[in-house]
Amino acid sequence: MDAENYTAAFYKDYRWAETYGKEQDGYALLAAVQLYETTQKAEYLSVIRNYFDAFLSENGEIAGGLETDCSGSRINVSRCLFFLYDETGEEKYRKAVGTVMDRLRTWPRCECGNFVCGTEKTASVDALYMLLPFYTAYETVYDKKEKYNDIIGQFENVRKLLYDTDKECGGVQELPLMDRVKYLTALVDTIDCMSIEIYEQYRKLQDMFRQALQDVLRYRKEENGVCENALIAYCILKACGMGIILKEKYVGTGMEIVEKLAKAELPEKTGVFVSACGQYLRMKKELEA
């Protein structure tokens, strides 16, 4: 099954979880945003609207609340709210953005100032991956970009942990590939939400992304899991489309990863893989234009 047919079949059978903000729903819904922007097919917009309308009140309140959530996945899926408000103009989506940001303002941080997720007590890739893209989008759209230094600082703190070459710190070689890939994904998604007008910060994240990509490709193997490989392809293709990396150098790698995964009969091809398919189909359309 190719990427386009897999994606169509996925959304035809898609059923979201009973509670708001499950991680796999985040992948699926953010991918649906990409697919709608690429194809303008109404079924993708319907998937996104139906999901959020099932959990939101007209006042922008979210079923189940966010006060006790520290996993980050509810913040991550809420990135779709920016798209919904832009697309429909309905106030409940804008109000819901404010509800989520109110929670993020009180989010726990570690001693170095980074957000933490779950039971973490130190800076980590999970918090960057789940929280920073929404935080950046809010700062860009509603808060005059005043917290960009905080965002850059959180990436720099995690970068020190990932790329400290001091032998006593273990070095990057001992880190799981998935941690590196999440860091890479956090970077490309955050850059996507950041204004290029603040060029110094924008360029810093671009440089971090390029370094992280070289590291990921150095340790990537085809036998790595579907999740890792799909996210790598997602990052490469998205970065090519944004001009962060050279299309002529990297796009073939990203396209090939998705094509091989699409042909493989693997039960774990779910929301993560659909995210990669979304970028694949967008890039395919761009290359064919």
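Buried here means under 20% relative accessible area. Keep that cut-off in mind for the close-ups of this predicted model.

**View 1. Cysteine 193 sits buried and unpaired.** With a relative accessible area of 19%, cysteine 193 counts as buried, because the cut-off is under 20%. How many disulfides does the model have? The count comes to 0. Cysteine 193 is in no disulfide, and the nearest cysteine sulfur, on cysteine 80, is 11 Å away. A pair would have to be within 2.5 Å to count, so cysteine 193 and cysteine 80 don't make one.

**View 2. Cysteine 277 is another buried cysteine without a disulfide.** Look for cysteine 227 here: its sulfur is the nearest cysteine sulfur to cysteine 277, and it is 13 Å away. Is cysteine 277 buried or exposed? It's buried, with a relative accessible area of 0%.

**View 3. Helix 7 and helix 8 run roughly antiparallel.** Helix 7 covers residues 125-142 and helix 8 covers residues 148-163. Their axes come within 10 Å and cross at roughly 160°. Angles over 145 degrees count as roughly antiparallel, which is why this pair gets that label. The crossing of helix 7 past helix 8 is left-handed. On the helix 7 side, the contact includes Val125, Leu128, Leu132 and Tyr135. Helix 8 brings in residues including Ile151, Phe155, Val158 and Leu162. Sorted by class, the contact has 9 nonpolar, 3 polar and 2 charged residues.

**View 4. Leucine 162 belongs to helix 8.** This is one of the helix 8 residues that touch helix 7. Its relative accessibility is 5%, so leucine 162 counts as buried. How far apart are the C-alpha atoms of leucine 162 and methionine 101? They are separated by 28 Å, with the two residues 61 apart along the chain.

**View 5. Helix 11 and helix 12 meet in a left-handed crossing.** Find helix 11 at residues 226-242 and helix 12 at residues 247-263. The two axes come within 8 Å and cross at roughly 145°. Helix 11 contributes residues such as Val226, Ile232, Ile236, Leu237 and Cys240 to the contact. Among the helix 12 residues taking part are Lys247, Tyr250, Val251, Gly254, Met255 and Leu261. What classes of residue make up the contact of helix 11 with helix 12? By class, there are 13 nonpolar, 3 polar and 1 charged residues.

Terms used:
Residues numbered from 1 in each chain as written. Predicted model: local features only at pLDDT ≥ 70, side-chain atom pairs only at ≥ 80, totals over all residues. Heavy atoms only, no water. Buried < 20%, exposed > 50% of the residue type's maximum accessible area, 1.4 Å probe, protein only. Axes fitted to C-alpha atoms, helices over the stretch in contact; angles between N-to-C directions. Helix = DSSP H or I, 4+ residues; strand = E, 2+ residues; numbered from the N terminus. Parallel < 35°, antiparallel > 145°, perpendicular 65-115°, else oblique. Left-handed = near helix turned anticlockwise from the far one by under 90°. Contact = heavy atoms within 4.5 Å. Nonpolar A, V, L, I, M, F, W, Y, C, P; charged D, E, K, R; others polar.
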